[in-house]
Amino acid sequence: MVTDIINMLFNGTLQGAVLALISLGYSLVYGVGGIMNLAHGAYFMLTGYLLLWMLSWPIFAGLSWLVVIITLGFITILGGLTYILLIKPLQDTHVGVVLITFGLAFFIEQLVLIISGTESWSIPQLRLITGSIEVFGYTMINQYILLIIISLIIVLSFALFISKTKLGKSIRAVSQDREAATLMGINGNRILLYTVMISAFLAGVGAYLYLPGASINGPHMGWEYLTSSFAVVILGGMGSLIGSIVGSFIVGYITSFTSVFIPNGPSWAHLVPIIVIVIMLLIRPQGLFGKEEVR
Amino acid sequence: MIKQNFKNKVSELPNYIKSWAKTFTGGLTLFTLIAFIFLPFLSPNQNFLYVFVRQFTLAMIYSIFAASWDLLTGISGQISFGHSIFFGIAGYLCAYLISYQNFPIWVAFIIGALGAVFFGLIIGVPCLRLKGPYLALGTLAFSLILLKLFLMGSLAFIFFGSEGISGLPRIAPNPIIEYFIIFISMIAIFIIIFQIVKSKFGTILKAIRDDEMGADASGVNTTRYKAYAFMLSALFAGIAGSFYALYIGAVNPSGNFGSVISFFAILMASLGGLTTISGSALGAFFFIFLEYSLIQIGFENYVFLIFSIILIIVVRFAEHGILRPVLERLKDMWDILLGR
């Protein structure tokens, strides 16, 4: 029983920490530009596969830090390119943005499917620390403990970045009132570009920290993380950063609770984010911390 | 009065059709219809009948499905990314009633379509609070729930697991009869959708799409009309789904509920052009033709990759789809031929 509770708490925190990294950027992009980027889960998935592919190249033998830097750089640039080439020209139509990012996510999924198939892969050589410790009979993988710590540090420094730096202040300004911010001399499009790049970077970091401990479960994985982060963002309120952090941990704990304590748990646990979405949409569409208006 | 009006309309019908056939769109439509009627008789070859004609039948089923998506998204502006819900529910209901309850095909077919309408209602009502991208993801979430419930091994005794139901009878044993049944249904559904779009009801839907607040202020009960739009669209998607289940002869979760199915509808309708209902038929035929030729030249693994590139290019560079530009070119040629 104690083992189960520790298991649930640890897994919940872990899921929450990963989801926080992913959904922070997702929520930020929506808050700043009103853009629903459906390719966000694909960034996460693609990062895992890029790491996998590059590690198998002989050129990068023993240079795993270089692989990580190149991958994260690539994902960030990919986010920027998504904005410049696909989202920016269609910004005025919601349907267009949703359709085109959906197309992009599908494209990335199919590309990965052709190259790597649907099998699961693992990249344990990228763990920052190896080994595990046992707490009350439950084995905790050290990589995950490190992940939780790093994720908390990233989230805190992100909050500092948003509230203290000039770029962070401009991001907040654009998200509050884009027109007024533009009149004050802030280039709204450029801020949005940076935001999408930051969000892709955060998704990449999440994948880099989480996937070496877990496994890469086929290209369909991207959609699952997309729906989870959508659940988080709906729960916390669109565009609210505190909301998405709190929401991540709530979703994480509910998921781990389901998978530990409910019969046939692991298969129901996949449904949790979606059920959270549906319930929240029915009861409180603006989310726990959201503004009243739903667009 | 109404009777008189109706009589007038009926007596004017031949003249109306005559003058309509002389216009460009009318002539083109008639020409296409005649081509479709003669198509199955082009060759008595078995291979032609069982492969080629059946591909056309499939394209028609997809046309109905894409048109139903266009009715919801293009005409009434409610983005749905979960159209596979209606498609799959109707197919499953139809398959279940035929294989396990021994219902006649047509009864099962109608109940399947009505089941989709019911789902349109229960999914439409909660989703109606949502707008734009929220709605898109909300419907996507619903379709994922259904997909996962149907895939779940522990619920296989209710939802038949990942195997689904197989061994369904064909709509008709002869592919030509099957072709004509679906052809006639497709024509009927397209005429119905066109009439809906033209009618007062369609105007209200377009008003909701263009300016919901304005429509609300003009005394339109937007919630009710959006629910109607959901149900109508679900009805046509359900008809397509039942046809599809009978056409394939089996149902399974990923084939009938997968996000891929919703992607098909989106792709076909945007290929032809949003809000042009007939564009979705063009998109569906183009889609099936391309898929078939890609498989023939041995590129079956790349089909979806190529389709997603096409979707990106069409949405990015040709917002109004390919139907209107193509039609305009044809019309110019027509005018040149007639010496106008």
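Trainee: Which residue forms a salt bridge with B:E178, and how far apart are the closest N and O atoms?

Mentor: Side chains of opposite charge can pair when their charged atoms come close. Here B:E178 forms a salt bridge with B:R54, and their closest N and O atoms are 3.3 Å apart; the term asks for a side-chain nitrogen of Lys or Arg within 4 Å of a carboxyl oxygen of Asp or Glu. This is a predicted model, in which local features need pLDDT of at least 70 and side-chain atom pairs count only at pLDDT 80 or more, while totals for chains, interfaces and linings use all residues. Residues are numbered from 1 along each chain as its sequence is written, chains are lettered from A and ligands numbered from 1 in the order written, and side-chain values use heavy atoms, without hydrogens and water.

Trainee: Which parts of the chain does this pair link?

Mentor: The pair links distant parts of the chain, with B:E178 in helix α8 of chain B and B:R54 in helix α3 (residues 46-75) of chain B, 124 residues apart. Helices are DSSP runs (H or I, at least four residues), numbered from the N terminus. Over all chains, the structure holds 3 salt bridges.

Trainee: How many salt bridges are there between chain B and chain A?

Mentor: The count between chain B and chain A is 0. The contact (heavy atoms within 4.5 Å) nevertheless takes 37 residues from chain B and 43 residues from chain A. The area buried between the two chains, that is, the accessible area (1.4 Å probe) lost on putting them together, summed over both, is about 3800 Å², and carbon and sulfur atoms give 83% of it. In chain B, B:P133, B:Y134 and B:L137 lose the most area to chain A, together 19% of what that side buries. Helices α6 (132-151), α13 (259-272) and α15 (303-317) of chain B each supply at least two residues of the side that touches chain A, and α6(B) gives the most, with 11 residues.

Trainee: Where is the centre of the largest pocket, judged by the closest lining residues?

Mentor: Rolling a probe the size of a water molecule over the atoms shows where empty space is left. A pocket is an open set of points on a 1 Å grid with protein on both sides within 12 Å along at least five of seven lines, and lining residues have an atom within 4 Å of a point. The largest pocket has a volume (the space filled by probe spheres set on the points) of about 1800 Å³. Of the 40 residues that line this pocket, B:W20, B:T25, B:T29, B:F194 and B:S278 are the closest to its centre. Helix α8(B) gives the most to the lining, with 10 residues.

Technical notes
On a 1 Å grid over the protein atoms alone, a cavity is a set of points where a 1.4 Å probe fits but cannot get out, and a pocket is an open set with protein on both sides within 12 Å along at least five of seven lines; lining residues have an atom within 4 Å of a point.
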